[in-house]
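Let's take a walk through this model together. Keep the sequence and the coordinates open as we go.

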Amino acid sequence: MTLQHYLVISAILFTLGIFAVLTRRNAISILMGIELILNSCNLNFAAFSRFMTPEDISGQIIAIFGIVLAAAEAAVFLAIILAIYREFGSIRPDEVDTLKG
Amino acid sequence: MQPLSNIDSLLHFSPEILLVIFATAVIILDLIVKNRESVAVAHLALVGCLCTLAAVLFIHFSFGKGEPVSLFLGMIQLDVFSTFFKVLLLLATAATILFSLRSEELDAKLKGEYYALLLVITLGMFLMASATNLLMIFIALETVSLTSYILAGFLTHNPRSSEAAFKYITYGAVASGTMLFGLSLLFGMAGTGDLTQIGGRLAELLASGEVSSLTLLIAITFVLAGIGYKIASVPFHMWSPDVYEGAPIPITAFLSVASKSAGFALFIRFFYTGFGSTGLMEAVDWPFMLAIVSALTMTVGNLAALPQQNVKRLLAYSSIAHGGYLLMGGVLLTSEGIGAILFYLVVYLFMNLGAFYVVVLVANEMGSETINGYRGLSSRAPLVAVAMMTFLFSLTGIPPFAGFFGKWILFTAVLEQGYYWLALVGLLNSVVSLYYYARIVKAMFLEDTSEETDRVSFSTGTFALLSVFVIPTVFIGFLNIFYTFSNISVSVIPMQ
């Protein structure tokens, strides 16, 4: 495995994540798409750290921070989805549209 | 400049530590105080802001008068630039706490969390203003973002607030994920996360052909997505009207001023420290990209504001447009441009917070957020109407108010650098903006309500707080102190 393999995989993950966010009509699926995006970044950091700066692990540390922040983001996102479900009875983004103009 | 070790940094880090202590104390006090009507929690948060302000100023004046100090092994930098933004952010937080005390929207049961979160978001913004490492930039940005999602959705059992939080987090998470991807590419190319070294490394690699300018362009564009989302610039502005309309009014005021200021601090630090060298700008012409973004942002913001009926939404679009004006200063690569941004942010803080305070008052007394609710305000509450007129004319940029001086300095800097088309777009936009600001003034002074004509009385405290915003909005332009302060703050930002 070379650096290119990892970068291609992470680019595919990132694209899939963006695609999921744009096309999915369910808040949970959107959250999964966002997780894909964040994980592709973590993969990037870890791979760069391993191949570009093997003696310096700061890239891997950034990846660990990325995992923590992704978890925090998922927690807040799920809480907000719960609030949305209570108010609207649905978690489909197109049904949540009282604000416009 | 040798970075300080972690232990040595702690003393310089005391404002941030104080914020954490007070955020914890607020939660604990909230558990102890049984009386739900008590304002002790809010007052403790306010004291926290003042103590932090004192600490920020003490550190600034006692350690080398704002000489740059690199803390935590190069993670953040303490200098006069970050001190400037810390003072600005603390003023915005203190004002938001005072607004929240007077707003009737908020749930009394959740006060502890609310004020603790306000202090935490201020901490995140402090870090945004001083981060010099890619990791720190991302953590600071996420701290601010995650907290503001929660605060935007803070009105439980209000569908609009929940919807605002939902839209905010969906756009925000994608934007920050995209930004992290861009940061990972930058990290991979440069092999370091240190913002002060990245520029030099990348310039070398570009010169030797090891890094292609296309990759660099992609990375910078991705990072711009995250920063552009924070300052609500086109095309990442879509969240802002919905969030501003749905969120509690004090939070809207806070987001429109503090979040934007912190975003600009990050923007200036990131691009000028990291990517200010000529070699990099030849490969990726980010100033030109930003000039386009700036022109689009102000045009879209102003045109979309024209038909709005909800005043919060109107001010949201006006805030997008102001982001566009501010960005003009960022494309110039001169210290005059950055100084103009900083000065305009001070002016913007007072006039925009003031306008939102009037929105809070009107929402409390008339129960309305639409322009119709402002009809006949001049006869019902003349002083409030005059204050609102001051803020709105200042936002337009009409002399002799502070907004005029802010715009004057900004446009002069733009013209000096020969960006005539950009200045022209900005000027035309200012004219357009007069139309929608004047609509509110017209409703207040020239239209009468048929139903109620009783005078509304406000407490002395309300007028005192209002004058805290009116007086600077009228006089800042005539005082040199803020302008001098913003120009001194620029001195640590490297220029070509």
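**A walk through chains A and B**

Leaving aside neighbours within four places in sequence, B:Asp194 is in contact with B:Gly74, B:Thr132 and B:Asn133. Bear in mind that this is a predicted model. You'll find B:Asp194 in the loop between α7 and α8 (195-207) of chain B. Is B:Asp194 buried or exposed? It has 20 C-beta neighbours inside 10 Å, so B:Asp194 counts as buried. To get a sense of scale, hop over to B:Tyr325: the two residues are 131 apart in sequence, and their C-alpha atoms sit 30 Å apart in space.

Next, the backbone oddities. As a reminder, most residues other than glycine have a negative phi, and most peptide bonds are trans. B:Phe72 goes the other way, with a phi near 50°. This residue lies in the loop between β1 (69-71) and β2 (76-78) of chain B, and with 19 other C-beta atoms within 10 Å B:Phe72 is partly exposed. B:Ala232 isn't a glycine either, yet its phi is positive at about 55°. B:Ala232 belongs to the loop between α9 and α10 of chain B and counts as buried, with 29 C-beta neighbours inside 10 Å.

That loop between α9 (213-230) and α10 of chain B also holds B:Pro235, which is joined to B:Val234 by a cis peptide bond with omega about 0°. Another cis bond links B:Pro399 and B:Pro400, this time with omega about 5°. B:Pro400 is in the loop between α17 and α18 of chain B.

Follow the chain from there into α18(B). This helix, residues 402-416, has 15 residues and reaches 21 Å from its first C-alpha to its last, close to the 21 Å expected at 1.5 Å a residue. Its buried residues include B:Phe405, B:Ile409, B:Leu410, B:Phe411 and B:Val414, and B:Lys407 is on that list too. What covers them? Among the elements doing so are α14 (311-330), α15, α17 (382-396), α19 (420-445) and α20 (460-475) of chain B. After the helix comes B:Gly418, with a positive phi near 80°.

One of those covering helices, α15(B), also has a partner in α4(B). The axes of α4 (residues 80-102) and α15 (residues 335-366) of chain B come within 11 Å and cross at roughly 5°. An angle under 35 degrees counts as roughly parallel, and therefore α4(B) and α15(B) are roughly parallel to each other. On the α4(B) side, look for B:Phe84, B:Leu88 and B:Phe99 among the residues that meet α15(B), whose own contributors include B:Leu345, B:Leu349 and B:Tyr357. By class, this contact has 13 nonpolar, no polar and 1 charged residues.

Now for the other chain. Chain A has 3 helices and 0 strands, running α-α-α from the N terminus. Its radius of gyration is 17 Å, well over the 13 Å that the globule rule gives for 101 residues, so chain A is more spread out than a compact globule. The C-alpha atoms fill a box of roughly 50 × 25 × 25 Å along the principal axes, and 39% of the residues of chain A count as buried.

Finally, put the chains together: 32 residues of chain B are in contact with 32 residues of chain A. On the chain B side, α6 (134-152), α7 (159-190) and α10 (239-246) each give two or more residues, and α7(B) gives the most, with 17. That side of chain B divides into 15 nonpolar, 11 polar and 6 charged residues.

Terms used:
Residues are numbered from 1 along each chain as its sequence is written. Chains are lettered from A and ligands numbered from 1 in the order in which they are written. This is a predicted model: local features need pLDDT of at least 70, side-chain atom pairs count only at pLDDT 80 or more; totals for chains, interfaces and linings use all residues. Axes are lines fitted to C-alpha atoms, for helices over the stretch in contact, and angles run from 0 to 180 degrees between N-to-C directions. Helices (H or I, at least four residues) and strands (E, at least two) are DSSP runs, numbered from the N terminus. Angles under 35 degrees count as roughly parallel, over 145 as roughly antiparallel, 65 to 115 as roughly perpendicular and the rest as oblique. Two residues are in contact if their C-beta atoms, placed from the backbone, lie within 7 Å. Ala, Val, Leu, Ile, Met, Phe, Trp, Tyr, Cys and Pro count as nonpolar, Asp, Glu, Lys and Arg as charged, and the others, Gly among them, as polar. The expected span of a helix is 1.5 Å times one less than its number of residues. A residue is buried if 20 or more other C-beta atoms lie within 10 Å of its own, exposed if 12 or fewer, and partly exposed in between; C-beta atoms are placed from the backbone. The radius of gyration is taken over C-alpha atoms; the globule rule is 2.2 Å times the number of residues to the power 0.38.
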